[in-house]
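User: I would like to learn how to read a protein model step by step, beginning with its strands and ending with its domains. Could you take me through one?

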Amino acid sequence: MELEVLQPKQEGRADSFWYDGVIARLGEFTLIAVGDIRIVMYEADGSTRIYRDGQAVDEARGRGYVDADLYSIERVAEWYNNNWFEVIHPKDGGETLNDVEWDYDAGIAVLKDTFQSVCPKCLESFRVHNDDGSCVKD
Ligand SMILES: [Zn+2]
């Protein structure tokens with residue numbers, strides 16, 4: 001099974017902030033970027049303004065920001081909400097199967113990990129399967 005990447009990693013932008021929706025697929029598992037973004041950025045005149053979701057990403061991208069700028073207190077005054085990466089499966093009812101991640105590579109690693117360790121039929125670890133390896137839901 002090959003990893004299918006729908007949103008490749010962007011140079012200098014590994015934070016989930018830069019991504020939205022389906023990132024990659026592996027088997028029946030999907031890595032998505034999800035969650036609300038709400039940040040306070042400094043304007044050219046020194047005032048601050050709240051940006052949300054796609055508007056925040058467009059603004060930061062338009063300014064040529066990369067990860068380091070997001071974490072700079074001279075550029076971003078405050079983070080109220082941030083999105084994240086999570087692995088989902090069609091059967092899981094939208095609940096994430098693992099801990100969430102904020103780093104692109106860490107997200108991809110969780111996707112690969114999940115594919116290798118979680119049964120797509122029962123969404124349990126392969127370790128809790130029958131002694132012969134067959135799924136308990138078979
Ligand atoms: Zn199973």
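Analyst: Let us begin with the strands, keeping in mind that this is a predicted model. Strand 1, which covers residues 4-5, runs antiparallel to strand 2, and 2 bridges join them. Within this pairing, Val5 stands opposite Ala24 in strand 2.

User: Which residue is found in the loop between strand 1 and strand 2, and is Pro8 buried or exposed?

Analyst: The loop between strand 1 and strand 2 holds Pro8. To judge exposure one counts the C-beta atoms around a residue, and 12 or fewer within 10 Å makes it exposed. Pro8 has 9 such neighbours inside 10 Å, and therefore counts as exposed. In sequence Pro8 and Ala24 are 16 residues apart, while in space their C-alpha atoms are 8.4 Å apart.

User: How many bridges join strand 2 to strand 3, and which residues stand opposite one another there?

Analyst: Strand 2 and strand 3 run antiparallel and are joined by 5 bridges. Val22 of this pairing stands opposite Ile32 in strand 3, and Gly21 has Ala33 as its bridge partner in strand 3. The hairpin that these two strands make has 2 residues between the strands, and in it Gly27 takes a positive phi near 60 degrees.

User: In what order do the strands of the 4-stranded open sheet come, and which of them are the edge strands?

Analyst: A sheet is read by listing its strands in the order in which they lie side by side, and here the 4 strands form an open sheet in the order 1-2-3-7, with antiparallel pairing. Strand 1 and strand 7 are the edge strands, each of them pairing on one side only. As a general point, the side chains of a regular strand alternate between the two faces of the sheet.

User: What is the strand order in the open sheet of 3 strands?

Analyst: That open sheet has the order 5-4-6, and its pairing is antiparallel. Its edge strands are strand 5, at residues 48-52, and strand 6, at residues 76-81, each pairing on one side only. From one strand to the next, the twist averages 20 degrees.

User: How many bridges does strand 4 make with strand 5, and how many with strand 6?

Analyst: Strand 4 and strand 5 pair in the antiparallel sense over 5 bridges, and in strand 5 the bridge partner of Arg38 is Arg52. Strand 4, residues 38-42, also pairs with strand 6 in the antiparallel sense, over 4 bridges. On that side Ile39 stands opposite Trp79 in strand 6, while Val40 has Glu78 as its bridge partner in strand 6.

User: What lies between strand 4 and strand 5, and why is Ala44 described as exposed?

Analyst: The hairpin of strand 4 and strand 5 has 5 residues between the strands, and Gly46 in this hairpin takes a positive phi near 95 degrees. Ala44 lies in the loop between these two strands, and Ala44 is exposed because it has 6 other C-beta atoms within 10 Å. Between Ala44 and Val57, which are 13 residues apart along the chain, the C-alpha separation is 17 Å.

User: Which strands does helix 1 lie across?

Analyst: Helix 1, residues 53-62, lies across strand 4 and strand 5, and runs at about 120 degrees to strand 5.

User: Which residues of the largest nonpolar core touch the most other members?

Analyst: The general idea is that in soluble globular proteins nonpolar side chains tend to be buried together. The largest nonpolar core has 24 residues here, of which Ile23, Ala24, Leu31, Val87 and Leu111 touch the most other members. At least two residues of this core come from each of strand 2 (21-26), strand 3 (29-34), helix 1, strand 7 (84-88) and helix 3 (104-117). The core lies between domain 1 (1-35 + 84-138) and domain 2 (36-82), because both give residues to it. Leaving aside neighbours within four places in sequence, the contacts of Ile23 include Leu6, Leu31, Phe85 and Gly107.

User: What separates the centres of domain 1 and domain 2, and how many residues does their contact take from each?

Analyst: Taken over C-alpha atoms, the centres of domain 1 and domain 2 are separated by 28 Å. Their contact takes 9 residues from domain 1 and 9 residues from domain 2. On the side of domain 1 that touches domain 2, the residues divide into 4 nonpolar, 2 polar and 3 charged.

Terms used. Residues numbered from 1 in each chain as written. Predicted model: local features only at pLDDT ≥ 70, side-chain atom pairs only at ≥ 80, totals over all residues. Pairing = 2+ DSSP bridges. Axes fitted to C-alpha atoms, helices over the stretch in contact; angles between N-to-C directions. Contact = placed C-beta atoms within 7 Å. Buried ≥ 20, exposed ≤ 12 C-beta atoms within 10 Å, placed from the backbone. Core = buried A, V, L, I, M, F, W, Y, C linked by C-beta atoms within 7 Å. Domains from an automatic or database assignment. Nonpolar A, V, L, I, M, F, W, Y, C, P; charged D, E, K, R; others polar.
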